[in-house]
Structure formats: structure tokens, C-alpha cells
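Okay, thanks for having me, everyone. I'd like to walk you through one structure today, so let me put it up on the screen.

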Amino acid sequence: MAYENKPGSGALFPNDKKGNEKAPDMTGNLCAHRDMKAGEEFQVAMWKTKSKAGKPYGSLKASDKQGTSVSDSSGDELPF
């Protein structure tokens, strides 16, 4: 049985197709809930990076299945 996200959850997996430095380190899917249509799936990408203080963190970007960045109701891109 294939992995299936429950509403409000997701999963990231190592990007085994990473071909260049700008490609994400991990990719996966997120299943929406609350204000979005329940069960709507989004693609998620994560890059490993470091803060100015040198502390490691993950930078995220979400997009719909067509590759369009996710934005809030004002049209502003969400900060991830």
C-alpha cells in the first residue's frame, strides 16, 4: 500500500534526483485542511541552509500540483 497523507499532515523524502546546487534537498507532499479544501495536496520542497549566526534550519516552499507557489487570500506569497 502506498503512503497517503492525512489532512493537515505531509512527508518529506531525500531528493535522489538532485542534479545541481539549487535543487531542493528534500521533496514531498502536504495534505491541506482548515481554510483550504480538505484533502487538497501540495508539493513541498526543503533546502538545508544556515542562519547568519550559523544555526542550521530548513527553508520550505509549497506549490500546487501545477508548480504555482501557494499564496494567501491577499495574493501575497506565503513566507515559505
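So, helices and strands: the protein chain has 0 helices and 4 strands. Read from the N terminus on, the elements simply go β-β-β-β. Keep in mind that this is a predicted model. The pLDDT averages 79 over the protein chain, and 70% of the residues score at least 70. If you look at the elements, β2 has the lowest mean pLDDT, at 90, and β4 has the highest, at 93.

Now, how do the strands go together? The 4 strands form an open sheet, in the order β1-β2-β3-β4, and the pairing is antiparallel. At the edges you have β1, residues 10-14, and β4, residues 56-63, and each of these pairs on one side only. On average, neighbouring strands in this sheet are turned by 25 degrees against each other, ignoring direction.

Let's take the pairs in turn. β1 pairs with β2, which covers residues 26-31, in the antiparallel sense over 5 bridges. If you want a spot to look at, find A11: its bridge partner in β2 is N29. Over on the other side, β3 is residues 41-50, and 8 bridges join β3 to β4, again running antiparallel. There, you can pick out M46, whose bridge partner in β4 is L60. And in the hairpin of β3 and β4 there are 5 residues between the strands, with G54 taking a positive phi near 90 degrees.

A general point while we're on strands: in a regular strand, side chains alternate between the two faces of the sheet.

Next, the loop between β1 and β2. I've picked three residues there, and I'll start with N15, which is found in that loop. Is N15 buried or exposed? N15 counts as buried because its relative accessible area is 18%, and the cut-off for buried is under 20%. What does its side chain do? A polar atom of the N15 side chain lies 2.9 Å from the backbone oxygen of P24. Leaving aside neighbours within four places in sequence, N15 is in contact with A23, P24, D25, M26 and T27.

K18 has its place in the loop between β1 and β2 as well. K18 is partly exposed, with a relative accessible area of 35%. Not counting residues up to four places away in sequence, K18 touches A23, P24 and D25.

That brings us to D25, also in the loop between β1 and β2. D25 is partly exposed, at 21% relative accessible area. Which residues does D25 contact, leaving aside its neighbours within four places in sequence? The list is F13, P14, N15, K18, M46, W47 and K48. With K48 you can see how: the D25 side chain reaches the backbone nitrogen of K48 at 2.6 Å. Also, D25 and G58 are 33 residues apart in sequence, and their C-alpha atoms are 9.3 Å apart in space.

Last, a few numbers for the whole chain. Of the 80 residues in the protein chain, buried ones make up 20%. The accessible surface comes to about 6,400 Å², and 52% of that belongs to carbon and sulfur atoms. And if you take contacts between residues at least 6 apart in sequence, 16% of them join residues at least 24 apart.

That's what I had, thanks.

Terms used: Residues are numbered from 1 along each chain as its sequence is written. Side-chain values use heavy atoms; hydrogens and water are left out. Two strands pair if DSSP finds at least two bridges between them. Helices (H or I, at least four residues) and strands (E, at least two) are DSSP runs, numbered from the N terminus. Axes are lines fitted to C-alpha atoms, for helices over the stretch in contact, and angles run from 0 to 180 degrees between N-to-C directions. pLDDT is the predictor's confidence in each residue, from 0 to 100. Buried means under 20% relative accessible area, exposed over 50%, partly exposed in between (1.4 Å probe, protein chains only). Contact means heavy atoms within 4.5 Å. Accessible areas come from the Shrake-Rupley method with a 1.4 Å probe; for residues, only the protein chains shown count as cover. A polar contact is a pair of N or O atoms within 3.5 Å; within protein, one must be able to donate a hydrogen and the other to accept it, and residues adjacent in sequence count only if both atoms are side-chain atoms.
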